[in-house]
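Morning, everyone. Please pull up the model and keep the sequence beside it.

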Amino acid sequence: MERAGLYAGAALGQVSEVNVRTSQGDPLLDADFFRRWMTAAAASVDREAERLTALDSPIGDADHGSNMQRGFRAVTAVLEREAPDTPGAVLQLAGRQLISTVGGASGPLYGTLLRRAGKALGDAAEVTEEQLADALRAGVDAVMALGGATPGDKTMVDALVPAVDALGTSFEAASAAAEKGAVATTPLQARKGRASYLGERSIGHQDPGATSSALLIAALVEAAGE
Amino acid sequence: MSDSSKKMVGIVLVSHSAAVAESVAELATGLAGGGVTAPVAAAGGTADGGLGTSAELVSQAAFAVDQGAGVAVLMDLGSAVLTVKALLAEGDELPENTRLVDAPFVEGAVAAVVTASAGADLAAVEAAAKEAYTYRKE
């Protein structure tokens with residue numbers, strides 16, 4: 001309901017897009033969509049693992065790519081094995097798997113993001129994009145509470161917050177916002193995580209966590225396109 | 001565990017390094033002196049022996065030291081802290097009455113194990129470990 005007001009104040013082009021969408025009914029997302037999302041994220045992390053590790057070398061401990069790869073491979077495997085049949089169950093299972101397999105801080109952080117989002121979706125068989133946006137916002141809030149990071153600290157939060165803000169518009173807009181947020185971490189000085197020990201020397205490097213967060217959001221577009 | 005009727009608080013030591021977790025466990029148990037010492041378990045490194053944190057090792061360690069009097073978990077930094085927090089939020093991955101203890105790793109572990117070995121309850125063990133933050137070295 002709050003969103004209606006938001007849309008009303010949006011640019012004309014966006015309003016008409018929203019109208020079209022509303023008149024057709026918001027597309028419903030089922031467990032299959034969420035499995036495709038996780039599979040697309042895993043494939044993307046696979047493709048970009050070297051880049052993530054390279055970004056993590058100057059300001060981290062050079063394991064972000066391999067950690068994320070191990071985690072998302074395990075997610076794909078467990079989703080195939082257990083075949084959860086609601087959106088909430090898919091995300092909760094994926095989150096639990098990330099917590100137990102990643103081995104670095106991104107495990108509990110991404111795990112909390114997905115698990116909390118999954119809990120927010122409850123046991124509905126299908127959810128709207130708006131419900132997904134609200135659930136991810138709850139997930140991002142939980143990540144900020146867990147890690148203590150806020151926007152501007154040069155963390156995954158810098159990609160996730162703008163992404164969730166743009167999710168009301170479209171997956172494409174969310175993906176673009178996440179990518180922009182990740183790129184914008186480059187001039188920032190890290191205030192959380194291992195990179196924060198480097199102080200000013202953390203400036204000039206794009207944050208690996210924000211970069212992998214952008215991959216996760218971009219995978220939504222892929223999942224919707226299939 | 002021993003047949004002692006007195007249940008003791010269990011201590012779990014979580015470090016990025018298996019060697020660090022095990023050595024601190026050995027140090028703390030050694031300093032707790034003779035007699036029956038509280039159960040201590042090290043959960044260091046990843047499951048494949050690398051540097052990092054394994055949620056499964058943490059969970060196993062916590063159940064291994066749980067005698068029913070509560071479990072105090074001490075961590076070094078980063079993913080160790082976040083993993084324990086995420087496990088506590090999960091609900092069923094750690095024994096009931098498991099507490100994250102915010103304390104310096106080595107000094108806090110010694111204080112926790114000595115206090116728990118004396119038969120103190122979980123709140124007293126936590127307080128002793130936290131107090132280690134106030135021991136200045138200069």
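Axes here are lines fitted to C-alpha atoms, for helices over the stretch in contact, and angles run from 0 to 180 degrees between N-to-C directions. Helices (H or I, at least four residues) and strands (E, at least two) are DSSP runs, numbered from the N terminus.

This is a predicted model: local features need pLDDT of at least 70, side-chain atom pairs count only at pLDDT 80 or more, and totals for chains, interfaces and linings use all residues. Residues are numbered from 1 along each chain as its sequence is written, while chains are lettered from A and ligands numbered from 1 in the order in which they are written.

Start in chain A. Helix α6 covers residues 106–121, and helix α7 covers 129–147. Their axes come within 7 Å and cross at roughly 140°. α6(A) and α7(A) are therefore oblique to each other (not under 35 degrees, roughly parallel; not over 145, roughly antiparallel; not 65 to 115, roughly perpendicular).

Now the two chains. How many residues does each chain bring to the contact? Chain B brings 13 and chain A brings 14. Contact means C-beta atoms, placed from the backbone, within 7 Å. On the chain B side, α3(B) gives the most, with 5 residues.

So look at α3(B). This helix has 12 residues and reaches 16 Å from first C-alpha to last. Of those 12 residues, 9 are buried (20 or more other C-beta atoms within 10 Å of their own, C-beta atoms being placed from the backbone), so α3(B) is largely enclosed by the rest of the structure. Among them are B:S79, B:L82 and B:E90. Next comes B:G91, with a positive phi near 105°.

Technical notes:
Contact = placed C-beta atoms within 7 Å. Expected span 1.5 Å × (residues − 1).
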